[in-house]
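Please examine the structure shown below and follow its chain from one end to the other. The paragraphs after it begin with the pairing of strands and then proceed to the interior and to the charged side chains.

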Amino acid sequence: MINPQVLTTLITLLTKNPPKSVLEVHNENALIGYCIRTYFPNIHLDCVTPYSIDYARLYNTIYGGDILRQVLKSKYDVIFHHSWEYDKQTGTTVLEVIRAKARRLVIILSLLEWYGRGVSLWTPEDFKLRGANIYLCHSETRDRSFLAVFCK
């Protein structure tokens with residue numbers, strides 16, 4: 001389950017300048033894709049996920065596996081990445097790859113704390129130093145999430 005503030009913040013950001021194409025990375029449950037498809041029904045929506053999912057009606061294309069092993073032929077207006085759990089070296093590489101494939105926005109969802117595992121390896125400050133705007137999305141009943149948003 002995703003923090004409701006994450007969904008509200010994401011849709012607000014996208015509504016300001018509606019995208020024509022979105023790539024969702026590291027999808028776990030298609031909730032973000034479902035919300036994007038609901039608010040922007042005519043959008044081109046693709047997904048890269050290491051998980052076995054079957055949401056063929058939701059996505060135009062589903063790429064299985066890791067984002068670093070994908071050869072994406074086109075760019076996307078917006079790339080949304082779930083669950084930023086990378087170490088600094090791998091995360092820097094993933095960030096470079098997805099920023100190169102985004103025309104307008106890269107939005108990364110991360111947690112300030114991982115349940116039962118301590119704090120995240122990446123802090124909001126780590127993303128700020130790379131040029132991101134940070135949107136804190138705290139919930140008393142859910143988690144302490146944040147969105148790191150990179151604009152082009």
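In this predicted model, L136 has F146 as its bridge partner in strand β9. L136 belongs to the pairing of strand β8 (residues 133-138) with β9, which is antiparallel and extends over six bridges. Strand β9 also pairs with β5, again in the antiparallel sense, and here seven bridges join the two strands. Within this second pairing, I107 is matched with V149 of β9. How much of β9 is covered? Six of the eight residues in this strand are buried, so that β9 is mostly covered, where buried denotes a relative accessible area under 20%.

These strands are part of a larger arrangement. The protein contains four helices and nine strands, and along the sequence they follow the pattern α-β-α-β-β-β-α-β-β-β-α-β-β. Among contacts with a separation of 6 or more, 60% are between residues 24 or more positions apart. Of the 152 residues, 49% count as buried. The accessible surface of the protein comes to about 8100 Å², and 52% of it belongs to carbon and sulfur atoms.

The interior may be considered next. In soluble globular proteins, nonpolar side chains tend to be buried together. The largest nonpolar core of this model has 27 residues, and the members that touch the most others are L14, I36, I107 and L147. Each of α1, α2, β2, β4, β5 (102-111) and β9 (144-151) supplies at least two residues of this core. Helix α1 gives the most, with six residues. L147 illustrates how such a residue is surrounded: leaving aside residues up to four places away in sequence, its contacts include V6, L10, F80, I107 and Y135. Another core, of 22 residues, lies apart from the largest one, and among its members are L23, V25, I67 and F150.

Helix α2 (residues 31-39) shows how a helix contributes to the interior. Its buried residues are I32, G33, C35, I36 and R37. These residues pack against α1 (4-16), β1 (21-25), β2 (44-49) and β4 (76-81). An α-helix has 3.6 residues a turn, so residues three or four places apart point the same way. One of the buried residues of α2, C35, has a relative accessible area of 13%, whereas C151 is partly exposed at 47%. The whole structure contains zero disulfides.

Which charged residues are joined by salt bridges that share partners? The structure holds three salt bridges, and those with shared partners link D77, R103 and R104 into one network. The closest N and O atoms of D77 and R103 are 2.9 Å apart. This pair links distant parts of the chain, with D77 in strand β4 and R103 in strand β5, 26 residues apart. D77 is buried, with a relative accessible area of 8%, while R103 is partly exposed at 42%. In the salt bridge between R104 and D77, the closest N and O atoms are 3.9 Å apart. Because R104 lies in β5 and D77 in β4, this pair ties together parts that are 27 residues apart in sequence. R104 is partly exposed, at 23%.

The remaining salt bridge is formed by K88 and D126, whose closest N and O atoms are 2.6 Å apart. K88 lies in helix α3 (residues 88-101) and D126 in helix α4 (residues 124-128), so this pair ties together parts that are 38 residues apart in sequence. K88 is partly exposed at 35% relative accessibility, whereas D126 is buried at 14%.

Notes. Residues are numbered from 1 along each chain as its sequence is written. This is a predicted model: local features need pLDDT of at least 70, side-chain atom pairs count only at pLDDT 80 or more; totals for chains, interfaces and linings use all residues. Side-chain values use heavy atoms; hydrogens and water are left out. Buried means under 20% relative accessible area, exposed over 50%, partly exposed in between (1.4 Å probe, protein chains only). Contact means heavy atoms within 4.5 Å. Accessible areas come from the Shrake-Rupley method with a 1.4 Å probe; for residues, only the protein chains shown count as cover. A disulfide is a pair of cysteine sulfur atoms within 2.5 Å. A nonpolar core is a set of buried Ala, Val, Leu, Ile, Met, Phe, Trp, Tyr and Cys residues joined through side-chain atoms within 4.5 Å. Two strands pair if DSSP finds at least two bridges between them. A salt bridge is a side-chain nitrogen of Lys or Arg within 4 Å of a carboxyl oxygen of Asp or Glu.
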